[in-house]
Structure formats: structure tokens, C-alpha cells
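Open the model in your viewer and keep the selection box handy. We will move from one stop to the next, picking residues and strands as we go.

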Amino acid sequence: MADVEVVAELRSVVLRADLERLGRYDAHRVRQRLRDGFAPAHTWMIEVGGAFAGCVSLRPATGAHWLEHFYLAPHLQGRGIGAAVLAGLLEQCDRDGTLVRLNVLQGSPARRLYQRHGFRLETEDPVDVYMVRAPAGCLIHTAREQ
């Protein structure tokens, strides 16, 4: 259970600016949503230099996997660590032929990372952008493209 608290705190730090910009930051709620959805069996802790640096989850769901709780300590962002972690996860999904879905906050710089790795817009609302990525070699079309 100790891991969930460390991750909940990192989530609060990483998402704070975007949630404040969207008028949705609540210190308790941002941590509780992580606690409520934390699945250790599908979560990997990211370490850099032997120290906790972040985490990522890949949760199986019907017809796809959900990429969730992908957080990297702010001082480590922009160094290619997140891109390397994401590439490794997506390589496994490609081998398994698995579709991957995620959601990212509107205006989050993380959206560019996901787009560079082949994620495409599926739907969006005023707060969230839902994206999808087909396994390498497969094509999908979002409702907006059809």
C-alpha cells in the first residue's frame, strides 16, 4: 500500500498545473482518484538511478488495453525517459496485436508525446482528450475521420 501513496503524491504534483488551468484541481480528489483506480498487478514503477521516478499502468479491458497513471517526476521530464518507457510498452502491445487507449487532460503537453507514438484523437470533451493507437501494421479510423 505504500507505493500507492507515493504514486498518489506524484500524480498530484504532475497534474496540478493542468487541473488548475481547467479549474478542476482538488488536492484530496486528485489523490483519491489514483487510490481508487490503482491496480498493482498492471502497474510498473519507473526508477532512475535506483530512485523512484514515476509509474505507468497498462490495464487490460475488452478489446484494448488502457494506458493509465503515466507520471514522471517533473525534474525528469523532457529527457526521453517517458518516451522510452512508452515505446517499450507499445512494442509489447504491437507484438500482442493489442489496441491501446488513453485519456489526457485538455492542453496537456503529454498529448504531443502520445501523438508522436501513433495515438490519434478518438473523442474529447472540455476536460479530457481520448486517444487510441492501433498495433503497428493495423489501421483504425476515428469517428471524426470517417
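Start at the surface of this predicted model: select Val 6, Met 45 and Phe 52, which make a nonpolar patch of about 220 Å². Now keep just Met 45, which sits in strand S1. Is Met 45 buried, partly exposed or exposed? Its relative accessibility is 31%, so Met 45 counts as partly exposed, given that the partly exposed class lies between 20% and 50%.

Next, show the whole sheet as a cartoon. Six strands form an open sheet in the order S1-S2-S3-S4-S6-S5, and their pairing is mixed. At the edges you will find S1 (43-48) and S5 (120-124), each pairing on one side only. From one strand to the next, the twist averages 30°.

Then add helix H3, residues 81-96, which packs on the sheet. H3 touches S1, S2 (51-61), S3 (64-72), S4 and S6, and its direction makes about 165° with that of S3.

Now zoom in on S4 (residues 100-105) and S6 (residues 128-133). These two strands run antiparallel and are joined by six bridges. Pick Leu 102 and you will see Met 131 of S6 standing opposite.

Stay with Met 131 for the last stop. Met 131 is buried, because its relative accessible area is 1%, and the cut-off for buried is under 20%. Select its surroundings: Met 131 touches, among others, Val 100, Leu 102, Val 104, Tyr 114, Phe 119 and Leu 121. Arg 101 is another of its contacts; measure C-alpha to C-alpha and you should get 5.7 Å, although Met 131 and Arg 101 are 30 residues apart in sequence.

Note on methods:
Residues numbered from 1 in each chain as written. Predicted model: local features only at pLDDT ≥ 70, side-chain atom pairs only at ≥ 80, totals over all residues. Heavy atoms only, no water. Pairing = 2+ DSSP bridges. Helix = DSSP H or I, 4+ residues; strand = E, 2+ residues; numbered from the N terminus. Axes fitted to C-alpha atoms, helices over the stretch in contact; angles between N-to-C directions. Contact = heavy atoms within 4.5 Å. Patch = residues over 30% accessible without salt bridge, like charges linked within 9 Å, V, L, I, M, F, W, Y side chains within 5 Å. Areas by Shrake-Rupley, 256 points an atom, 1.4 Å probe, with all protein chains shown as cover. Salt bridge = Lys/Arg side-chain N within 4 Å of Asp/Glu carboxyl O. Buried < 20%, exposed > 50% of the residue type's maximum accessible area, 1.4 Å probe, protein only. Lists of a residue's contacts leave out its neighbours within four places in sequence.
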